[in-house]
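Work through these short exercises with the structure in view. Try each task before you read its solution.

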Amino acid sequence: PHCWWFEVADGVRKVLLTGFIALWDTTEERLTYALIISFFWFGFYIAVEPMNQWGDNSVSLLAHAGIFLTTLFAMLAHFGVLGPHGS
């Protein structure tokens with residue numbers, strides 16, 4: 001990465017998405033905070049583009065989008081928005 005500090009920031013994101021989330025009592029709170037963290041990290045990553053090559057940034061953006069979408073669909077499933085069988 002051309003941003004020397006990015007590994008530290010990514011470590012903070014990982015702690016927020018794992019350890020910080022465990023501090024909340026309910027599943028609803030955990031999913032909400034995980035969704036907020038992943039959404040803001042996705043936007044931060046788009047703004048910073050920390051990798052030297054375009055392809056590396058693209059692959060990492062896809063991974064971060066996957067984390068966000070997985071959290072979003074987990075929240076939708078938890079609240080019953082997707083229906084009993086995902087329909």
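Four exercises follow, on a predicted model.

**Exercise 1. Find the buried side of helix H1.**

Task: State which residues of H1 are buried, and where they sit around the axis.

Solution:
- Step 1. Check the helix itself. H1 has 15 residues and spans 20 Å from first C-alpha to last, close to the 21 Å expected at 1.5 Å a residue.
- Step 2. List the buried residues of H1: Phe-6, Ala-9, Asp-10 and Arg-13.
- Step 3. Look at their directions. They cover an arc of only 100 degrees around the axis, so they lie on the same side of H1.
- Step 4. Turn to the face pointing away from the buried side. Val-8, Val-15 and Thr-18 are the exposed residues there.

**Exercise 2. Classify an aromatic pair across the chain.**

Task: Describe the pair of Phe-6 and Trp-41, and say which helices it links.

Solution:
- Step 1. Recall what is needed. Two aromatic rings are described by the distance of their centres and the angle of their planes.
- Step 2. Take the count. The structure holds 10 aromatic pairs.
- Step 3. Read the values for this pair. The centres of Phe-6 and Trp-41 are 5.6 Å apart, with 35 degrees between the planes, and the pair is tilted.
- Step 4. Place the partners. Phe-6 is in helix H1 (residues 6-20) and Trp-41 in helix H2, 35 residues apart, so the pair links distant parts of the chain.
- Step 5. Judge burial with the cut-off of under 20%. Phe-6 has 3% relative accessibility, so Phe-6 is buried. Trp-41 has 11%, so Trp-41 is buried.
- Step 6. Widen the view. Ring pairs join Phe-6 and Trp-41 with Trp-5, Phe-44 and Tyr-45 in a cluster.

**Exercise 3. Compare with a second pair.**

Task: Name the geometry of the pair Trp-24 and Tyr-33, and give the exposure of each ring's residue.

Solution:
- Step 1. The centres of Trp-24 and Tyr-33 are 4.6 Å apart, with 20 degrees between the planes.
- Step 2. Planes under 30 degrees apart count as stacked. The pair is therefore stacked.
- Step 3. Trp-24 has 26% relative accessibility and counts as partly exposed. Tyr-33 has 31% and is partly exposed.

**Exercise 4. Explore the surface of helix H2.**

Task: Which residues make the nonpolar surface patch, and how accessible are Ile-36 and Thr-32?

Solution:
- Step 1. Tyr-33, Ile-36, Phe-39 and Phe-40 make a nonpolar patch of about 400 Å².
- Step 2. Ile-36 belongs to helix H2 (residues 27-48). At 39% relative accessibility, Ile-36 is partly exposed.
- Step 3. Thr-32 also lies in H2. Its relative accessibility is 32%, so Thr-32 is partly exposed.
- Step 4. Measure across the chain. Thr-32 and Thr-71 are 39 residues apart in sequence, and their C-alpha atoms are 8.7 Å apart in space.

Conventions. Residues are numbered from 1 along each chain as its sequence is written. This is a predicted model: local features need pLDDT of at least 70, side-chain atom pairs count only at pLDDT 80 or more; totals for chains, interfaces and linings use all residues. Side-chain values use heavy atoms; hydrogens and water are left out. Patches are made of residues with over 30% relative accessible area and no salt bridge: like charges are joined within 9 Å, nonpolar side chains (Val, Leu, Ile, Met, Phe, Trp, Tyr) within 5 Å. Accessible areas come from the Shrake-Rupley method with a 1.4 Å probe; for residues, only the protein chains shown count as cover. A salt bridge is a side-chain nitrogen of Lys or Arg within 4 Å of a carboxyl oxygen of Asp or Glu. Helices (H or I, at least four residues) and strands (E, at least two) are DSSP runs, numbered from the N terminus. Buried means under 20% relative accessible area, exposed over 50%, partly exposed in between (1.4 Å probe, protein chains only). Rings of Phe, Tyr and Trp (its six-membered ring) pair if their centres lie within 6.5 Å; planes under 30 degrees apart count as stacked, over 60 as edge-to-face and the rest as tilted. The expected span of a helix is 1.5 Å times one less than its number of residues. The arc is that of the directions from the helix axis to the C-beta atoms.
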